[in-house]
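Q: Got a minute to go through this one with me? I'll throw short questions at you as we look.

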Amino acid sequence: MYSQQDVKSSCLKTRPDREAPVCCFLCRQLLPHHRGQQDGFNQLPMAFTIIILYSAKVCKAVSFQDFDKSLPRKIFPLPLLYVGNHVTGLGSTKKLSLPMFTVLRKFTILLTMIMESKILRTTFSPQLVCSVLAIVFGALVAASSDLAFDAEGYTFVLLNDVFTAANGVYTKKKLGVEGLGKYGILFYNAFIIIIPTALVSAYTGDLEKVIAFKGWMSLSFNLYFLLSCAMGFVLMYSIVLCSYYNSALTTTVIGAVKNVAVAYIGMFIGGDYVFSWANFVGLNICITGGLVYSYLTFQSTSSAQTTNQEEDKLRVPVVEELQDRAEKRPLTAV
């Protein structure tokens with residue numbers, strides 16, 4: 001058996017910025033079975049995504065473009081960003097403490113806002129910018145008592161921030177590409193990635209370890225593993241769906257607010273939260289900034305919908321009046 005600390009450190013490698021509680025539970029169940037073989041198992045959830053989406057396409061439950069020579073150009077650079085995000089994420093969690101990792105990951109929000117304004121030409125109000133800066137500042141305060149410096153760890157996590165922000169922004173951009181859509185992005189991203197990553201796993205020996213893994217004979221392991229693959233697909237689909245209906249920045253902020261909410265729950269459940277005033281004040285600043293951001297975003301959305309409805313109401317009488325005038329106008333003889 002492995003210690004609780006081993007389980008926690010391995011759980012961090014599954015992207016804590018977007019990890020769902022159910023995924024964390026499944027991770028805790030699986031780690032005692034395949035600790036040290038995580039890299040070799042990473043291709044299997046991607047294969048699960050491909051199978052699910054292709055089966056749904058065959059059954060005509062979903063639709064997306066068939067593969068052709070134009071697809072790599074359409075989806076590029078999402079596969080590269082995904083791989084870079086995954087590699088740098090694993091490297092950063094091995095070198096930094098959890099508080100420092102958390103504060104540096106918050107810079108993803110700031111980078112997403114900058115990239116979205118440059119790449120997607122999105123404009124943000126000063127109030128929205130201040131709420132984002134408040135989230136980053138709160139994370140700095142929360143981790144102020146643990147500012148250990150590690151050059152390699154800082155490099156990995158900041159690169160991870162860049163890849164994460166770019167992946168979110170380009171996902172939003174590619175959602176507007178004809179023929180891809182939500183399901184096409186998920187399917188072809190996994191389809192393009194799985195081949196090179198499988199070759200890398202075979203070269204490093206991880207694939208051989210997975211094939212020879214004795215846990216495949218365990219019913220409980222197979223059950224938890226299939227559930228974790230399913231929840232991984234649901235999680236990826238939820239992220240893409242959130243980006244489809246909202247901005248890339250909103251998707252990133254939601255992930256940050258969720259982490260703060262999990263930290264609040266951890267104060268009362270779990271028993272491993274170490275209280276400090278700096279951490280407590282920082283968490284409150286983070287959650288306040290997130291709530292202000294949510295309020296401003298939904299308020300602007302409601303205002304836009306109200307404006308559109310008012311324009312529609314004004315447009316209908318004008319059209320009816322023009323139609324009445326056309327009907328009353330006498331016909332001229334030819």
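Q: What's the chain doing over residues 277-296, helix or strand?
A: Over 277-296 the chain is 100% helix and 0% strand, with the end C-alpha atoms 29 Å apart. Helices here are DSSP runs of H or I with at least four residues, strands are E runs of at least two, and both are numbered from the N terminus. Bear in mind that this is a predicted model: local features need pLDDT of at least 70, side-chain atom pairs count only at pLDDT 80 or more, and totals for chains, interfaces and linings use all residues. Residues are numbered from 1 along each chain as its sequence is written, and side-chain values use heavy atoms, leaving out hydrogens and water.

Q: And how much helix is in residues 123-142?
A: That span is 85% helix and 0% strand, and its end C-alpha atoms lie 29 Å apart.

Q: Which residues does UniProt annotate as "transmembrane region"?
A: The unreviewed entry lists 123-142, 154-171, 183-203, 223-245, 252-271 and 277-296. UniProt positions are in the numbering used here, feature names are shortened, and annotations may be inferred rather than shown by experiment.

Q: How many helices and strands in the protein?
A: There are 15 helices and zero strands.

Q: OK, T297. Which helix is that in, and is T297 buried or exposed?
A: T297 sits in helix α15, residues 277-328. T297 is buried, because its relative accessible area is 15% and the cut-off for buried is under 20% (exposed is over 50%, partly exposed in between; 1.4 Å probe, protein chains only).

Q: What does T297 touch?
A: Not counting residues up to four places away in sequence, T297 touches L128 and T250. Contact means heavy atoms within 4.5 Å.

Q: Switching to D161: where is it, and is D161 buried or exposed?
A: D161 is in helix α10. D161 is buried, with a relative accessible area of 0%. Beyond four places in sequence, D161 touches L104, R105, F107, T108 and L111.

Q: What about the largest nonpolar core, how many residues?
A: It has 22 residues, and those with the most contacts inside it are I109, V132, L249, V253 and Y293. A nonpolar core is a set of buried Ala, Val, Leu, Ile, Met, Phe, Trp, Tyr and Cys residues joined through side-chain atoms within 4.5 Å.

Q: Which helices supply it?
A: α7 (98-105), α8 (107-119), α9 (126-142), α10 (151-174), α14 (248-268) and α15 each supply at least two residues.

Q: And V253's contacts?
A: Leaving aside neighbours within four places in sequence, V253 is in contact with I109, I135 and Y293.
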